[in-house]
Amino acid sequence: MANILALAAKELRAYFVSPIAYVLLVFFALLFGWFYVASVNVMVQLSMGQFGMGPQVVNINEFMIRPLFGNTAVILLFLLPMLTMRSFAEEKRSGTMELLLTSPLTDLQIILGKFFGALALYCLMLALTLLHVGLLFWYGEPEWGPVASGYLGLLLMGGAFISVGLAISSTTKNQIVAGVATFAVLLLFWIINWIGDASGTTSQAVLAYLSILEHFDDFSKGVIDTKHVTYYLSFIVVGLFLTAKSMDQERWNG
Amino acid sequence: MRVRARNGVRAVRGGERIVVEVQHVTKRYGSFTAVDDLSFEVEAGEILGFLGPNGAGKTTTMRILTGYLPATEGHARIAGFDVFDDPIEAKRRTGYLPETPPLYPEMTVAEYLHFVARINGIAAGDRTARVGAAMERTSVTDMAGRYCGTLSKGYRQRVGLAQALLHEPDVLILDEPTAGLDPRQIIETRRLITELAGDHTVILSTHILPEVSQTCQRVVIINRGRVVAVDSPDALTARLQGSQSLYLQVDGGGDDPVAALRGIAGVAGVAAADRRDGVSGFEIEIAPGHDVRREVARAVVTNGWGLLELRARQMSLEDIFLQLTTEEDGGEPDGAVPVGPPEEADAPDGGEADGADRIEAEERTDG
């Protein structure tokens with residue numbers, strides 16, 4: 001445990017001495033802020049009855065927070081590959097992997113250290129959005145339940161993205177390759193259900209089930225379904241397992 | 001043909017503890033064999049030199065010992081712990097300096113060493129003292145606040161060394177610790193390594209020969225993944241004294257001196273080494289057990305040549321190394337510096353084996 005913590009702290013530190021942490025935080029805040037302002041505008045227009053329905057009380061959760069979470073999920077799809085692309089690739093390129101692998105650390109400790117290091121920075125990114133959401137609570141009266149479940153969903157989904165990124169980063173020495181491949185794989189998991197259909201044939205239902213954003217929807221509605229929690233958790237476990245396999249493979253192949 | 005060193009079973013020799021055991025280790029990458037049936041042992045406090053040309057399998061062997069790579073076959077133990085079955089315990093007792101010091105460019109030297117201390121399980125309260133001691137020992141204290149990425153090659157190497165000995169390991173494995181250093185740093189590093197022996201067992205690899213004779217008590221020469229010889233540097237030199245040679249330089253000598261010299265009993269071969277301005281140099285190969293210096297001097301006088309130089313050529317470690325590592329190619333005839341016929345490398349060298357490190361040369365025909 002102490003080792004995992006030491007590694008996670010090192011990872012987090014590395015993010016902040018390189019520009020990666022700042023680039024991610026700034027652009028995430030900018031993009032999130034943009035979507036926030038856009039949805040506030042829609043809200044205002046709706047509540048002032050500009051769509052010909054007359055002034056009305058608009059459900060802030062339904063019309064503001066839920067789309068905002070949905071948009072955030074998409075931003076993360078683009079940004080999180082940048083969070084994980086260097087994790088293993090850079091250590092392998094610079095030779096520091098040799099230090100980690102010859103220190104009294106298990107592969108699992110190294111992987112979890114990197115996972116939690118990346119997750120910690122991701123939590124910081126999410127923490128930035130609390131400011132905006134806090135303003136909604138200040139001026140409006142949203143239900144806190146769906147907000148909390150939305151954050152839980154974002155956390156789980158981000159964890160899944162990170163585990164994919166780690167698995168891919170562990171297969172290459174090149175950060176760019178890792179980043180691009182991670183983005184491509186995540187995108188594939190997003191659009192995979194475009195051919196799938198939950199009520200169609202078995203194979204279509206499987207494809208629909210695999211879609212990474214599909215499972216997020218319920219969270220943003222305020223529903224915490226064990227089915228979705230299980231999906232994300234197993235996604236993370238599979239990602240980390242593949243990372244471990246790839247490290248092992250690397251070791252045997254030299 | 002190859003020469004293989006065999007160490008008998010000697011778990012405990014003269015009360016000394018065997019700290020590193022390598023038994024029949026083989027490493028293959030696909031069809032390529034990087035390390036082939038390698039076996040050797042290292043005692044506590046010893047400095048073992050790992051010598052071989054580039055690509056001989058030195059780094060691979062070290063990586064197997066440090067648990068970075070698994071061996072395809074065979075076993076390696078550090079302080080009794082198998083590096084494959086018990087990697088954590090083995091790694092706790094090993095300090096490793098890879099060929100490129102594994103530094104994080106974005107960390108300062110002190111931060112880096114603290115991190116290494118932390119992942120090696122050194123208690124928080126002891127870290128500052130340990131890091132300080134390691135920096136002191138490798139003289140990098142002045143650089144404590146510098147970022148690793150901005151250090152010169154010499155300092156990187158030293159910080160790498162500080163990292164390796166930080167947790168006071170039983171065994172220090174250093175992959176070419178002096179590569180890329182300037183002469184003064186090389187001397188300092190060698191002195192440091194010599195100091196470290198005693199408390200630690202040191203295995204260092206190098207392709208620089210003087211390094212071995214200056215720092216190591218025992219040498220393992222490997223070539224193409226195989227052990228070619230295991231012995232002390234002195235014994236290795238002594239072992240090959242059988243193929244001693246003389247260097248003779250004369251001026252004049254209108255008649256062909258080579259033919260005249262060849263006629264002397266005990267001369268195994270003569271080759272012209274250099275010739276300019278009427279001065280000719282010759283390498284005279286002496287058959288084992290003969291001393292032909294007087295006969296050669298007499299021949300010079302009777303033939304009326306002017307004697308400029310006559311000296312015995314001792315085989316340096318360099319010659320031995322070249323001989324041992326190039327032999328396998330079938331000893332390409334190279335007119336300039338003949339180093340004895342290949343067979344002489346493993347000619348019975350009775351009396352030279354010093355009991356402790358018995359060399360058994362066995363001849364093999366390859367291909």
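Two rings of Phe, Tyr or Trp pair if their centres lie within 6.5 Å, with the six-membered ring standing for Trp. In this predicted model, 14 aromatic pairs occur over all chains.

Take Phe219(A) and Tyr232(A). Their ring centres sit 6.1 Å apart, and the planes meet at 40°. That angle makes the pair tilted, because stacked needs under 30 degrees and edge-to-face over 60. The pair links distant parts of the chain. Phe219(A) belongs to helix H10 (residues 216-221) of chain A. Tyr232(A) belongs to helix H11 (residues 226-253) of chain A, and 13 residues separate the two. Phe219(A) has a relative accessible area of 0%, so this residue is buried. Tyr232(A) is buried as well, with 0% relative accessibility.

Now move to Trp252(A). This residue pairs with Phe84(B) in an edge-to-face arrangement, with 5.9 Å centre to centre and 70° between the planes. Trp252(A) lies in helix H11 of chain A, while Phe84(B) lies in the loop between strand S6 (81-82) and helix H2 (87-92) of chain B; the pair therefore joins two chains. Trp252(A) is partly exposed, because its relative accessible area is 37% and that class runs between 20% and 50%.

Back to the tilted pair. Phe219(A) and Tyr232(A) are both members of one aromatic cluster. Phe189(A), Tyr209(A), Tyr231(A) and Phe235(A) belong to that cluster too.

Charges also meet rings here. In chain A, Lys114(A) lies over the face of Phe88(A), 5.3 Å from the ring centre. In chain B, Arg158(B) lies over the face of Tyr155(B), at 4.7 Å from the ring centre.

Definitions and conventions:
Residues are numbered from 1 along each chain as its sequence is written. Chains are lettered from A and ligands numbered from 1 in the order in which they are written. This is a predicted model: local features need pLDDT of at least 70, side-chain atom pairs count only at pLDDT 80 or more; totals for chains, interfaces and linings use all residues. Side-chain values use heavy atoms; hydrogens and water are left out. Helices (H or I, at least four residues) and strands (E, at least two) are DSSP runs, numbered from the N terminus. Buried means under 20% relative accessible area, exposed over 50%, partly exposed in between (1.4 Å probe, protein chains only). A charge sits over a ring if NZ of Lys or CZ of Arg is within 6 Å of the ring centre and within 35 degrees of the ring normal.
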